[in-house]
Structures are given as structure tokens and as C-alpha cells.
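Subject: Structure handed over, with notes on a pocket and the cores

Dear colleague,

I am passing on the structure we talked about, and my notes come after it. Please read them beside the coordinates.

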Amino acid sequence: MKRLLLIILISFSIQADAKPITFTDKEKEFIKNNPLVKIGMMPDFTPFSYYIKTTPVGFEHELLNILSKRTGLIFEKNFAKWTDIYTAFKNKELDVITSISYKEYREPFTTFTSSYYDIPIMIFVRDDFGEYLGIKSLEGKKVGVLKDVFYIKELEKIKNINLIYYDTYEELTKDLVFGQIDALMQNLTNINYLIKKNLYSNLKLASELTLPNTKKEDLRLGVNPEKPLLSSILQKGLNSITKKEKEQLVRKWIGSISEYKGGHVELNSEEKDYLNTKTIKYCINPDGMPFEGLDENGLHSGISSDYYSLIEKILSAKFELVKTDNWNESITFVKEGRCDMLALGMETYDRKKYLNFTSSYLHVPLVVATKVDVPFINHILDLEGEKIGIIKGDAFVKILRQKYPSLDLVEVEDITKGLDKVKSGELFGFIDTLAGIGYEFQKEYFGELKIAGKINETLELSMAVVKEDTTLLHILQKTIDSMTNEVHREIFGNWIPIKYQKGMNYELVWKVVLGSIIFILLITYWNRKVIKTNRLLEEAKKDIELKNKELEKLATTDKLTNLYNRRKIEELMQIEINRSERFNHNFGLAIVDIDKFKKVNDTYGHQIGDIVLKEIADILDNNRRKTDFVGRYGGEEFVIICPESTVDGVVRLMELFKEKISSHEFTKVKNKTASFGVTMSQKGDTIESILKRADDALYRAKENGRNRIEYK
């Protein structure tokens with residue numbers, strides 16, 4: 001009943017906002033005498049026209065419903081694959097065809113309406129394709145396209161590309177997955193849907209297709225030219241659709257499968273209805289930067305604002321910020337139902353009485369800030385007997401009081417008041433997150449306060465939803481589950497490395513620390529606490545140096561193989577190119593590609609594939625010369641840089657690698673071979689040019705039977 005009421009309300013709102021249509025007498029007569037329109041549609045063109053079980057659904061079906069109500073026309077839908085409805089339309093067996101794009105050569109048999117949606121056309125390849133460097137990368141390759149696709153004539157003009165024609169999107173995509181073709185060209189939304197539907201895991205986007213006269217797939221209604229009145233009626237119907245109606249259609253059908261780097265969120269009908277009709281009110285901590293807060297214009301800022309912007313884009317949801325004066329008031333608002341949720345909150349026993357929590361997606365350690373003349377704190381119990389500030393209503397207030405009852409915790413309104421009280425001497429220290437205190441340190445307190453120690457507790461933040469709203473909880477949990485580590489790192493990095501490390505990249509901390517040491521040394525040089533402080537500082541310094549080395553390694557090392565990653569290899573290539581230009585020293589470069597590696601993954605699974613990659617990496621690393629650099633460039637490709645070498649020297653090294661690989665007994669797979677493309681540096685080289693020569697040589701090695709070395 002609720003769903004029926006919702007449909008009625010939506011229909012009413014659409015009619016209320018609709019632009020009135022004025023038909024001519026001839027158009028009215030046509031509608032009266034010819035209400036039935038035979039229209040051709042595809043059954044597999046997601047999200048525009050496709051089937052859920054036996055029911056045709058999608059953007060175009062809802063669009064036709066609107067047109068039918070506005071014009072009085074009745075659409076008789078004929079479903080078939082594109083090539084069939086396209087042929088039937090050309091033969092005048094259909095009055096109208098959907099999803100047709102404008103091309104001049106179609107004008108003799110088509111009258112086009114204006115476009116109702118434009119989609120980018122993309123080039124998809126398998127993940128073993130290697131680097132895509134433009135349309136030339138497809139030379140000599142098999143490229144799948146749909147028969148009669150509107151840009152086919154332009155594709156056929158491109159030389160050295162072997163076009164393979166298909167009747168259906170399913171066949172086209174499946175053949176790419178299983179290696180029957182090397183690439184395919186098709187619109188983004190349709191292929192992404194098939195990838196998700198069939199759980200294909202070995203396809204990737206290579207690039208957007210741009211041709212001289214084609215940039216996007218412009219979806220239009222095509223009308224039989226012999227029926228000009230029908231064409232004008234349909235165009236008037238399309239013109240009457242308001243911007244708001246168009247947005248509703250896009251949000252419902254395109255937005256529900258919108259693409260972003262975190263993945264795809266599948267919503268059921270109840271969840272879609274919820275987002276289409278509900279404005280979600282949320283509260284934040286207005287003084288909780290860098291996690292969240294209000295900027296000078298009173299707008300939501302911080303880490304949680306980036307998450308909410310992304311979630312709005314993913315779900316096409318409507319969020320409304322309910323402003324509060326402080327965190328404690330936000331807690332009160334959510335208890336009173338004035339907010340549907342908290343943007344960020346830590347799950348506690350008390351809060352679980354009135355809130356449900358998503359899984360945590362932010363984990364940040366707690367630290368204590370003190371004046372600079374205070375010795376470093378080894379353990380939280382070193383704070384016994386001192387007044388320690390903490391934000392009122394913070395999840396850790398109760399946790400710390402229960403765990404450490406001897407602590408004298410004083411609740412303050414916000415972080416700045418807490419740090420001000422430490423500065424004035426009212427409090428000995430203040431407990432908050434490392435990121436939060438660091439963010440404040442970059443603005444003020446220079447030379448006055450320092451981070452004196454780490455607390456053995458970690459802030460784990462989630463989204464918190466009022467107890468009764470389980471639908472919203474499930475939607476948010478699905479969205480968080482879909483986010484990759486890359487997404488979390490990028491959002492966190494927007495605020496922490498720039499706003500924390502830049503202001504407090506330990507340069508500030510060490511200035512404060514060194515200032516405090518000088519002060520202490522001058523006053524109480526022989527004091528035992530100074531000796532202990534120095535020892536702790538040395539340990540802290542070593543720990544920081546160790547952490548910096550670990551961070552450097554993470555930034556330059558491939559996680560799976562422990563070889564250099566692509567970023568580091570390209571950096572080393574540029575160094576060698578610069579040295580070559582300055583000192584006229586040649587260097588060699590080789591690309592190594594494991595032969596038929598996809599078969600390993602398909603036969604034994606990706607876990608065994610990863611083991612094989614590690615074993616190959618070990619062979620290369622253990623047999624290289626001390627001056628050589630080896631890295632994983634991507635997938636099953638490795639790059640070897642040989643500084644100050646000759647062609648013979650590089651080729652001999654590759655022969656050694658080739659022999660070691662072919663004679664090695666790999667886990668489960670037993671025998672495996674590799675192909676090598678070798679080149680030497682040349683005057684005027686760039687990273688791209690030297691890689692291109694090595695890649696061309698590698699391609700030749702593959703073409704000539706694999707397990708061989710080719711030089712270019």
C-alpha cells in the first residue's frame with residue numbers, strides 16, 4: 001500500500017511540474033487516429049532497457065511512460081537485439097527505435113529527436129593487456145564491437161585494427177574475458193553492469209574512445225521519416241520533461257549504478273525508494289577537525305565531509321546537516337530524533353542503546369598533550385595525581401574512567417578549550433587523537449605545548465544511525481563495504497598528510513621537543529629526569545627513523561613481491577636518463593613478461609598466481625648484478641634497469657634470467673617461461689620512448705614463440 005501511495009505521489013508531482021504541451025490540429029488528429037506506436041527496444045541495454053526476471057525495466061521504459069501520459073500515444077514494445085531492431089527499423093517495420101545515436105549516414109531512414117542521455121564510450125581490455133598508450137596500442141589486436149554501432153564507419157577507417165563484430169553485449173564481453181578478443185569498445189554503463197552481474201574480475205578500463213566525429217553515445221528516439229507528425233509529437237513530449245524530472249530519472253536508473261573508484265552499491269527496491277523520498281538529517285562535531293567541523297562559512301568540513309560528498313555521489317542521496325554548537329549537543333539531538341544519524345561516532349555500550357553502528361572505517365591513536373617542559377610519558381598511569389582534560393561526551397570518558405579509576409579526568413567543551421587550559425596551567429595534560437591535536441598544533445601553541453606520550457587506546461570511528469532506522473543503516477553499511485582501501489587512503493590523505501604532517505610533520509614536534517630539552521638542560525642538567533628524558537628521546541628518534549624507513553619502503557616497494565614498484569622504477573629510469581645525457585653513459589632496459597600467466601590464474605587461482613609472481617621476483621632479484629635495479633611494473637610484467645651496460649652484457653643477463661626461470665620448478669604450476677624485450681638508451685630518450693622500444697621488442701618475442709629475448 002505504501003509503495004502504491006509513493007508511486008501515486010511521484011506521478012502527481014511529475015504531472016504538477018510538467019510543462020504544458022500545445023499540439024497542432026494535425027498532431028491532435030494524428031494522435032486520435034494513430035495512437036498505437038510500434039517501437040523497437042533492446043532487452044540487454046542496462047540500465048536503459050533490460051529485464052528483471054520477466055519484467056522489462058529501465059530508464060527508457062520510464063521515459064516512455066511519461067511520454068505516453070503527456071501525448072496520449074500508446075507504445076507497442078518490440079524487443080530484440082540491436083542488429084535486429086535496427087534492421088527492422090531501416091525496413092520500416094517499426095515506427096520508432098530507442099537508443100539510436102545521430103550519424104549523417106542514418107538520415108535517409110531516420111528522423112532524430114534531441115538526445116535524452118549521453119554516455120561516454122570506453123575501451124575495455126583484460127588486466128594482462130599491459131599499458132594502454134592510445135589507439136595505436138590496438139594495432140594488430142582483435143577488437144570487439146557491436147554490429148551496426150553508430151561509430152562503426154569511423155572505426156573501419158583505422159588501419160591495422162582487426163574488428164570483430166557481435167550481436168549482443170553478453171557475447172562481446174564474455175569473449176574479452178576469455179581471451180577471444182583483446183579489447184572491446186562500448187558505452188560505460190552497459191559493460192560495467194555486465195562486469196558486476198557476471199563477477200568478471202579480469203577486465204579494466206583502458207581509456208575513453210575519442211574519434212574525429214564521435215565522443216559520446218548520444219541516445220535519441222529515431223522516427224520513421226514518413227511520419228513527420230509522430231516525430232514532432234515525440235519531440236514536444238521530450239521538450240516538456242522538466243530538469244527536475246530528468247534528474248529523478250537519472251538518479252533512479254543511472255545514479256543507482258553510478259560508477260566511482262570505490263565500486264558499485266547494489267540497492268534493493270525498498271532502499272531505492274527510501275533514498276528517492278527521504279532527506280537524511282545528520283549531526284557532526286562542529287569542533288572536531290580534522291575529522292569534522294564547520295568552516296568559516298558554516299559548512300561541513302573535514303574527513304567526514306569528504307565521505308559524505310562521496311556517498312551522496314554514489315547513492316544520489318539527499319543529506320541535510322543539522323548544525324549544533326558542540327559535540328554534546330549533537331548527541332542530545334540524535335537522542336531526541338532531531339538528527340537521523342551521526343557522521344562519525346565511536347561505538348560504546350551506552351550509545352548502542354539508542355544508535356546502531358556501521359563497521360568502523362577510521363582508526364586513530366590517542367595521545368596526551370602537555371606543556372613543553374613536562375618529561376615524556378611512558379604510560380597513562382604516569383598521569384595519576386594530575387588533572388587531565390578530555391572532551392565532554394567523548395566515548396573515551398567512560399572507558400578511561402572505568403579502566404583507570406585513579407585518573408582525574410576533567411571534561412571540557414572542545415579541543416581548543418582543553419589545550420588552552422593546558423597552556424594556562426589549569427590542566428596538566430589533554431587527551432585526544434593524534435590527528436586532532438596535531439591539527440590544532442599547526443595553527444597555534446608553537447613552542448608552548450607538545451605531544452608528551454601515546455595512550456594505549458585507539459579511536460575507532462563509524463557512522464551511527466538512530467536505532468529504528470535499519471534501512472539507512474544497511475544502505476550505509478553497503479556503501480562502506482564497497483569502498484576500497486585506496487578510497488580511504490585518499491580521503492584520509494586529503495587531511496592528515498597535508499594538514500597534519502605539513503604542520504606537524506614532526507619538524508614542528510622536534511622543534512618543540514628540542515626547545516624543551518635545551519631549557520631543561522640549562523636549568524637542571526644533572527637531574528635524573530633529564531637523563532631519562534634523553535634516553536626516551538633517543539628511543540623516540542630511533543622509532544621515528546625506523547617508521548620513516550618503513551614508510552619510504554612502503555612508498556617504493558611492490559607489496560606482493562618486495563621489488564621496487566612502478567613509481568620507484570620510473571624514478572630510477574629518469575635518473576639514468578639524466579646521467580646518460582650528462583655523462584654520455586649508456587644503460588640497458590628490459591621488460592620481462594611471464595608467458596601465458598593468465599592460464600595460471602584461470603587454472604590454479606589467483607593465490608597460486610601470486611606465489612608464481614613471488615618466485616619469479618626472487619629469481620630476478622637473486623641473480624641480478626649489484627648495480628642493476630629490478631621492479632614489478634604491473635600485473636606479470638617486470639622491468640630491469642642495467643646502468644652503464646653494453647647490449648651484450650644486458651642480453652647475457654637476460655639469458656641467465658631466462659634459463660633460471662625455465663629450469664625452476666614453480667609451486668603447483670611446475671614449469672613456466674618468460675619473454676624478454678631489451679633496448680639500450682638513446683640520445684633524447686624519455687621514459688615513454690625507452691619503454692616503448694622495450695615493449696615493442698617484448699611483443700616481437702611473444703609473436704616469435706615466447707621464451708625468448710628480442711632486442712630493439
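The notes below go from the whole chain to its cores and then to one pocket.

This is a predicted model, in which local features need pLDDT of at least 70 and side-chain atom pairs count only at pLDDT 80 or more, while totals for chains, interfaces and linings use all residues. Residues are numbered from 1 along each chain as its sequence is written, and side-chain values use heavy atoms, with hydrogens and water left out.

The protein has 24 helices and 30 strands, taken as DSSP runs (H or I, at least four residues; E, at least two) numbered from the N terminus. Of its 712 residues, 51% count as buried, meaning under 20% relative accessible area with a 1.4 Å probe and protein chains only.

The largest nonpolar core (buried Ala, Val, Leu, Ile, Met, Phe, Trp, Tyr and Cys residues joined through side-chain atoms within 4.5 Å) has 77 residues, and strand β8 (residues 117–126) gives the largest share, seven residues. Apart from it lies another core of 68 residues, including Phe319 and Tyr439.

The second largest pocket, an open set of points on a 1 Å grid over the protein atoms alone where a 1.4 Å probe fits, with protein on both sides within 12 Å along at least five of seven lines, is lined by 41 residues, each having an atom within 4 Å of a point. Asp128, Phe129, Gly130, Lys141 and Tyr699 lie nearest its centre, and α24 gives the most to the lining, with eight residues.

Best regards

Key: Buried means under 20% relative accessible area, exposed over 50%, partly exposed in between (1.4 Å probe, protein chains only).
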